[in-house]
Amino acid sequence: EKGYETGEHAPGLKLGGCGAYKAAHHIIKTHAKVWHSYNNTWRSEQQGMVGISLTSDWGEPVDPHSQTDRDTAERYVQFHLGWFANPIYRGDYPEIMKKYVGRKSAQEGLGTSRLPTFSVEEKTYIKGTSDFLGIGHFTTRYVVQKSFPFLQVSSYHTDRDLTELVDPKWPAPGPKWLYSVPWGFRRLLNFIKTQYGNPLIYVTENGVSEKVQCTQLCDEWRIEYLKGYINEILKALNDGVNVKGYTACSLLDKFEWNKGFSERFGFYHIDFKNKNKPRYPKASADYYKKIISANGFPNASEVMS
């Protein structure tokens with residue numbers, strides 16, 4: 001969406017309400033081809049696994065007693081995670097995506113939907129092409145219905161007919177988009193379990209950046225974030241979700257998309273102004289070291305039910 005619709009990220013193309021869907025369509029078909037290639041050629045010899053890693057926020061209904069709000073929140077997740085996961089695990093795009101993009105396309109006078117379609121053969125070829133699901137997760141939003149008039153320029157965001165809200169009480173130590181909402185992760189993991197037949201999950205990205213560099217390297221907010229999110233993964237494990245691994249984001253401060261070196265996710269601070277790029281451990285490095293040494297929280301009292 002940022003690469004092929006808004007042009008914020010490489011390759012910087014602004015292809016209106018079609019570009020992101022076309023790019024995703026190619027990614028899904030290409031992923032399936034790679035999976036089949038490995039399956040047919042190397043799996044018997046190597047016994048390896050091929051999966052896909054998808055990043056998704058969680059969408060929570062503002063009013064859990066409102067059917068409209070519940071439907072809108074699910075639509076948010078289907079447009080986010082389901083866009084890629086549904087074809088791979090169930091053989092096609094989510095029905096709600098097909099319905100909304102198709103209806104908007106018809107209102108715009110287009111003969112076909114801006115969301116491409118898979119042939120029957122492609123659906124069969126794509127379904128089941130993941131031995132595990134990698135999940136990147138950072139934050140949550142409250143979601144409410146919002147109708148966008150079809151006169152507006154079509155886009156992925158307006159196709160969903162919703163708007164995102166945040167609770168001002170949520171901690172926001174990092175960039176404006178990254179609020180710490182640990183309970184959303186457990187709900188996302190349970191959604192995956194229910195929707196896709198409880199696949200094997202590896203958490204491939206989870207972490208928080210910082211707005212301002214703390215010169216004392218005292219990133220206690222990152223420690224709190226990690227504690228909260230890892231605890232929710234433990235709860236999801238107790239729910240029966242098949243999570244097999246966790247990767248924190250990230251070991252080092254690094255080049256972050258269009259933010260460059262200004263957004264720092266690392267456990268180790270990098271001095272980019274020094275030609276030798278020295279590295280200094282933040283407080284979170286020591287905390288995370290204890291967690292991975294114990295393969296969990298060293299102090300059982302830290303785990304909250």
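Two strands pair if DSSP finds at least two bridges between them, and with that criterion in mind the tour of this predicted model can start at a strand pair.

**First stop: strands E4 and E5.** Select strand E4, residues 140–145, together with E5, and you will find four bridges joining the two strands, which run antiparallel. To fix the register in the viewer, label Val143, which stands opposite Glu164 in E5. Then widen the selection to the open sheet of three strands to which they belong, whose order is E2-E4-E5 and whose pairing is mixed. Its edge strands are strand E2 (58–61) and strand E5 (162–165), each of which pairs on one side only. If you look along this sheet, the twist from one strand to the next averages 45 degrees.

**Second stop: helix H7 over the sheet.** Keep E2 and E4 displayed and add helix H7, residues 183–195, which lies across both strands and runs at about 100 degrees to E2. Which aromatic pair do Trp58 and Phe191 form, stacked, tilted or edge-to-face? Show the two side chains: the pair is edge-to-face, with 5.9 Å from centre to centre and 65 degrees between the planes. An angle over 60 degrees counts as edge-to-face, so the 65 degrees of this pair falls in that class. The pair links distant parts of the chain, since Trp58 sits in strand E2 and Phe191 in helix H7, 133 residues apart. Are these two residues buried or exposed? Buried means under 20% relative accessible area; Trp58, at 11% relative accessibility, therefore counts as buried, and Phe191, at 11% relative accessibility, counts as buried too.

**Third stop: an aromatic cluster.** Next select Tyr21, Phe79, Trp83, Phe84 and Tyr156, which ring pairs link into a cluster. Within this selection, centre the view on Trp83 and Phe84, which form a tilted pair with 5.1 Å from centre to centre and 40 degrees between the planes. Trp83 is buried, with a relative accessible area of 6%, and Phe84 also counts as buried, at 16% relative accessibility. For the model as a whole, the count comes to 23 aromatic pairs.

**Fourth stop: strand E3 and its partners.** Move to strand E3, residues 133–136, and add strand E1, residues 52–55, which pairs with E3 in the parallel sense over four bridges. Here Thr55 stands opposite Gly136 in E3. Adding strand E6, residues 201–205, brings in a further parallel pairing with E3, again over four bridges, in which the bridge partner of Gly134 is Tyr202. In a regular strand the side chains alternate between the two faces of the sheet. Colour E3 accordingly: Leu133 and Ile135 lie on one side and Gly134 and Gly136 on the other, and all of them are buried, so that both faces of the strand are covered.

**Last stop: helices H8 and H9.** Finally, select helix H8 (residues 220–238) and helix H9 (residues 283–294), whose axes come within 9 Å and cross at roughly 25 degrees. Angles under 35 degrees count as roughly parallel, which is why H8 is described as roughly parallel to H9. To see the contact itself, show Arg222, Ile223, Leu226, Lys227 and Ile230 of H8 alongside Ala283, Ser284, Tyr287, Tyr288 and Ile291 of H9. Coloured by class, the contact of H8 with H9 has seven nonpolar, one polar and two charged residues.

Terms used. Residues are numbered from 1 along each chain as its sequence is written. This is a predicted model: local features need pLDDT of at least 70, side-chain atom pairs count only at pLDDT 80 or more; totals for chains, interfaces and linings use all residues. Side-chain values use heavy atoms; hydrogens and water are left out. Axes are lines fitted to C-alpha atoms, for helices over the stretch in contact, and angles run from 0 to 180 degrees between N-to-C directions. Angles under 35 degrees count as roughly parallel, over 145 as roughly antiparallel, 65 to 115 as roughly perpendicular and the rest as oblique. Contact means heavy atoms within 4.5 Å. Ala, Val, Leu, Ile, Met, Phe, Trp, Tyr, Cys and Pro count as nonpolar, Asp, Glu, Lys and Arg as charged, and the others, Gly among them, as polar. Rings of Phe, Tyr and Trp (its six-membered ring) pair if their centres lie within 6.5 Å; planes under 30 degrees apart count as stacked, over 60 as edge-to-face and the rest as tilted. Buried means under 20% relative accessible area, exposed over 50%, partly exposed in between (1.4 Å probe, protein chains only).
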